[in-house]
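Here is a short note for someone opening this structure for the first time. Please read the points with the model in view.

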Amino acid sequence: MAIEIPPFEHTPIQSIPSTVNEIRNTFHSHRTRPVEYRLVQLRKLYWGLKDNEQALAEACRLDLGKPQFEAFVTEIEWVKNDVIFTANNLEKWVKDEKAPDIPLTNRAVSPKIRKDPLGCILVIGAYNFPIQLSLGPLIGAIAAGCTAVLKPSEVAPTSAAVMQKIIRESLDRSAYTVVQGGIPETTALLEEQWDKIFYTGSGTVGKIIARKAAETLTPVTLELGGRNSAIVTKNADPRLAARRLLWGKTLNAGQVCTSQNYIVVDKDILPTFLAELEATMREFYPQGAKASPDYGRIVSERQFRRLKGMLDNSRGKILLGGSMDETELFLEPTVVQVDDLNDPLVIDESFGPLIPIYAVNDLDEAIEVANQVHSTPLAIYPFGTKKETDQVLRETRSGGASVNDSFFHASIPTLAFGGVGESGQGSYRGKASFDAFTHRRSVTTTPSWMEFLLSVRYPPYKGKLAQFQKMANLTPNFDRDGNVKHSLVRWILKLGAGDSKGALARYMIVVV
């Protein structure tokens with residue numbers, strides 16, 4: 001049976017304001033707030049995905065040459081599991097929370113945290129994982145009780161068209177819709193008023209969106225890229241490092257924002273590491289990457305030529321790979337040894353199967369290089385002993401990190417994922433997706449019987465300051481030099497423990 005793929009059609013720009021207005025009006029009707037409504041939408045989305053699995057897989061193949069295994073593991077099954085996990089936990093997530101750290105004097109007003117939907121959301125997806133990076137945030141918006149407009153990447157048009165079909169057939173059309181197009185349509189969307197914008201893509205476009213959002217004080221989540229570093233110390237397992245890092249640069253033909261942009265290798269282990277890379281390449285692709293059904297393609301001619309230009313302008317030495325075919329948008333995984341940190345393969349994010357390697361004398365130099373190239377990347381990947389990898393984590397910053405692996409942290413669907421600094425702001429995945437579109441609303445309820453206690457706040461204030469200070473002021477347990485003052489009575493009550501839990505444990509031991 002032939003797979004039906006709907007055509008990709010640009011949304012008329014003149015229709016965008018009315019479309020957004022309908023979505024906004026639906027939110028203000030409060031129809032999306034009940035938990036059962038949200039659950040029904042999520043369940044319908046699941047079956048829409050299930051019924052269109054083959055169309056989605058074919059779309060990923062047509063857009064990116066993505067192998068079926070990768071399409072299902074990193075896209076289709078990912079979002080289906082995300083829907084199920086969210087639906088199974090939503091009733092727990094939406095419950096009011098008891099506010100923590102409330103003093104006894106304020107407990108009578110019953111402080112709590114409500115989980116309110118932010119409102120009308122714009123989600124702008126990316127082309128490299130067109131299903132996961134578009135529908136993942138949308139699932140969070142639905143769960144939070146928001147309405148949303150999804151703008152998929154026009155660079156993966158087949159995937160965008162299939163997603164539009166699924167959303168149109170599965171979800172409440174007055175609450176969730178898709179706008180298709182490129183820069184003009186995105187620009188028109190950014191002219192509208194939103195309660196939050198969620199964008200995945202390049203830092204350049206992220207800055208444009210952030211500036212536009214700032215005009216109306218619209219909050220944003222920016223999931224951007226980064227010149228991520230991998231560090232292979234002299235004590236690392238060279239075979240494991242080679243296998244795991246090569247996989248990270250060949251999955252989706254290296255078009256992964258979390259993959260390493262370059263590898264810093266201790267010179268003592270470099271020859272062995274390079275030999276393991278070569279052996280692993282033969283193992284992964286016995287007939288070569290081009291002939292392998294398990295290796296993808298570059299998404300477009302524009303991106304192919306950009307990558308070719310980076311390779312052509314590099315002053316490094318190609319050690320492995322280097323072949324390419326523009327007619328097929330094929331670029332072989334290519335290992336290049338560079339001697340200059342200003343090499344194009346290092347200073348620019350490749351977002352492709354280019355693997356520059358830079359040799360260093362020791363771990364301290366490796367960390368210095370990582371911080372110099374990009375001080376706030378999306379991820380970092382240290383390989384070595386626990387002492388060495390702990391030092392890397394302690395002396396660098398990044399959105400996330402996988403120790404002795406390539407972006408494992410980003411492959412856990414329920415682990416919060418996001419950047420820091422130039423690699424983005426905000427996070428999502430699992431419960432974090434719900435939180436990304438939820439306002440934590442602090443609420444108190446003051447009973448009438450408390451009026452006599454509240455009289456201290458009303459004018460006239462004469463004689464009331466001392467009374468208020470007695471009721472509200474805390475006493476410091478530290479001196480003017482910042483040293484903690486130890487009370488003998490407090491020490492005895494806590495049996496020398498640092499906190500109440502520790503004291504309770506010690507009392508139990510004494511009693512036993």
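1. The structure holds 0 disulfides (a disulfide is a pair of cysteine sulfur atoms within 2.5 Å). This is a predicted model: local features need pLDDT of at least 70, side-chain atom pairs count only at pLDDT 80 or more, and totals for chains, interfaces and linings use all residues. Residues are numbered from 1 along each chain as its sequence is written, and side-chain values use heavy atoms, with hydrogens and water left out.

2. Why does Cys-60 form no bond? Its closest cysteine sulfur, in Cys-257, is 16 Å away, which is too far. For Cys-120 the closest is in Cys-146, at 8.7 Å, again too far for a bond. Cys-120 is buried, at 0% relative accessibility (buried means under 20% relative accessible area, exposed over 50%, partly exposed in between, with a 1.4 Å probe and protein chains only).

3. There are 11 aromatic pairs (rings of Phe, Tyr and Trp, the last by its six-membered ring, with centres within 6.5 Å; planes under 30 degrees apart are stacked, over 60 edge-to-face, the rest tilted). One of them joins Tyr-127 and Phe-351, edge-to-face, 5.9 Å centre to centre with 90° between the planes. Tyr-127 and Phe-351 are both buried.

4. Phe-417 and Tyr-428 also pair edge-to-face, at 6.5 Å centre to centre and 70° between the planes. Phe-417 is buried at 6% relative accessibility, and Tyr-428 is buried at 2%. Phe-198, Phe-417, Tyr-428 and Phe-437 make one aromatic cluster.

5. Charges sit over two rings of that cluster (NZ of Lys or CZ of Arg within 6 Å of the ring centre and within 35 degrees of the ring normal). Lys-196 has its charged end over Phe-437, 5.7 Å from the ring centre. Arg-429 has its charged end over Phe-417, 4.5 Å from the ring centre.
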